[in-house]
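Trainee: Please take me through one part of this model in detail. I would like a close look at the sheet and what packs around it, then at whatever else connects to it.

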Amino acid sequence: MNLSYHMPTRVIFGKNSLRDQAAEFGKHGNRAFIVTGKTSALKSGAQADTEEALSMLSIPYRIYNGVMPNPTVANIRIAASEAKDFKADFIIGIGGGSPMDAAKAVALLAVQDLDDASLFKGPYRDPLPIIAVPTTAGTGSEVTPYSILTDTKDETKKNLSHESLYPKAAFLDPSYTEMLPFDVTVNTAIDALSHALESFLSVRANAMSTLITLEALRLLGPCLMEIDHARPVSYTVRERLLFASMLAGMAIAQTGTTVVHAMGYALTYHRNIDHGKANGLLITEYMRYIRTHYPENVLRALDAMSFGNVEDLGRVLENLIPWNDSLTESELEMFSQKTLTVKSVVNTKPAPGIADIKRLYKRALGVK
Ligand code: NAP
Ligand code: ZN
């Protein structure tokens, strides 16, 4: 067996973990720049806890709360110039994947001028230290070296990836996710599922990522079966979702994602479909595609999730994220071409060609 495994983020998990271990902030700098969205940090309670912790440690801070969902390059450049202006020496990202990813790009741009071409290529200098505080349970960005940004020039989402972008520490408090609207809870949970499945079935899966994804799938399957519009999501389920999403993040940090995420980016960019939902709409057909080539791997994943077959999983997903629309022929063509330009496609086992990608879109979403 050959294995190389690296996960440098200190994970601090549990109710009140940020309050209880506030001293952690003091290990990473003396001037903090907080990167967040419009409301997530406030609604979750994470901002109040962070401000209290920084005040207690006498660490001056400034807050940037203008991160948009699926942040653009222009959006993070504004935040980075404020961070520089404030002379911040560490960055705290509070929110879902959007603010956490923005925080990583800000940490990099605060120490280095990178034009749009070199932003996704490097070479990179060491960014400012990053602390992540997730308020959604789905992206796992708190434990990955990825920052997914929207590039409006190329009209797609791109992955800024470098080992130095792993957060130094992450505070995961399930109670920060208690105010999440139902649709965000569902979409983000499905994003975590997508990470775990794609990683498990990836050509890059290794002994550690497999171990981690099997546990993530074991937790996520029953959670998705339990979540229902008719009742509030329990704390226990929220705790499991946050833990599983972190595990799935640790797995994609090793393996990357695959064709599902690559196809989902076009749906998010051109159809404004939420990231997790975009993946979720494609998962069932993706599983059928893999099943024709590697039925045993698919069975193992289904078994871990406690689903009897792909169709059972499909029914649960359809119920949570119904789809009553279709693509046009020209969208099908454009989205498929764009998918092929995304790096993660080659992680899919077997690697799909353009005809496979078109078939996947067509079967998953319909074409009028
Ligand atoms: P998000 O875009 O961060 O947030 C979605 C919505 O939920 C926003 O309106 C946000 O409000 C709101 N929200 C967040 N936390 C809340 C809370 N506790 N209570 C109430 N509302 C809350 O969604 P996400 O799905 O977590 O992140 C998606 C992004 O992450 C995409 O750009 C995706 O490509 C990226 N991603 C990154 C990785 C990685 O490894 N880095 C992996 C997967 C996905 P605000 O606008 O106020 O924040
Ligand atoms: Zn994702």
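Mentor: Start with helix α4, residues 46-56. In this predicted model, α4 lies across β2 (32-37), β3, β4 (90-95) and β5. Its axis runs at about 155° to β4.

A second helix to look at is α10, residues 235-255. Helix α10 lies across β1, β5 and β8. Against β1 it runs at about 170°. Strand β5 is thus named for both helices: α4 lies across it, and α10 does too.

Now the sheet itself. It is open and has six strands. Read across, the order is β1-β8-β5-β4-β2-β3. The pairing is parallel. The edges are β1, residues 10-13, and β3, residues 61-67. Each of these two pairs on one side only. On average, neighbouring strands are turned by 15° against each other, direction ignored.

Look at one pair within that order. Strand β5 covers residues 130-134, and strand β8 covers residues 169-172. They pair in the parallel sense over two bridges. Ala132 stands opposite Ala170 of β8.

Next, the loops. Go back to α4 and follow the chain to β3. Ser58 lies in the loop between them. Its phi is positive, about 55°, although Ser58 is not a glycine. Most residues other than glycine have a negative phi, and most peptide bonds are trans. The loop between α7 (116-119) and β5 holds Pro123. The peptide bond from Gly122 to Pro123 is cis, with omega near 0°. Another cis bond joins Lys349 and Pro350, with omega about 0°. Pro350 sits in the loop between α15 (329-340) and α16 (354-365).

Finally, the ligand. The shell around ligand 1 has 30 residues. The closest are Thr39, Ser40, Ser98, Thr135 and Lys157. By type, the shell divides into nine nonpolar residues, 16 polar and five charged. Four elements each supply at least two shell residues: α3 (40-44), α6 (97-109), β6 (146-151) and α8 (182-201).

Three polar contacts are worth checking on screen. A backbone N or O atom of Thr39 lies 2.6 Å from an oxygen atom of ligand 1. Thr144 uses its side chain: a polar atom there lies 2.8 Å from a ligand oxygen. At Tyr146, a polar backbone atom is 3.0 Å from a nitrogen atom of ligand 1. Taken alone, ligand 1 exposes 930 Å², and the protein buries 92% of that.

Methods: Residues are numbered from 1 along each chain as its sequence is written. Chains are lettered from A and ligands numbered from 1 in the order in which they are written. This is a predicted model: local features need pLDDT of at least 70, side-chain atom pairs count only at pLDDT 80 or more; totals for chains, interfaces and linings use all residues. Side-chain values use heavy atoms; hydrogens and water are left out. A residue is near a molecule or strand if one of its heavy atoms lies within 4 Å of it. A polar contact is a pair of N or O atoms within 3.5 Å; within protein, one must be able to donate a hydrogen and the other to accept it, and residues adjacent in sequence count only if both atoms are side-chain atoms. Accessible areas come from the Shrake-Rupley method with a 1.4 Å probe; for residues, only the protein chains shown count as cover. Ala, Val, Leu, Ile, Met, Phe, Trp, Tyr, Cys and Pro count as nonpolar, Asp, Glu, Lys and Arg as charged, and the others, Gly among them, as polar. Two strands pair if DSSP finds at least two bridges between them. Axes are lines fitted to C-alpha atoms, for helices over the stretch in contact, and angles run from 0 to 180 degrees between N-to-C directions. Contact means heavy atoms within 4.5 Å.
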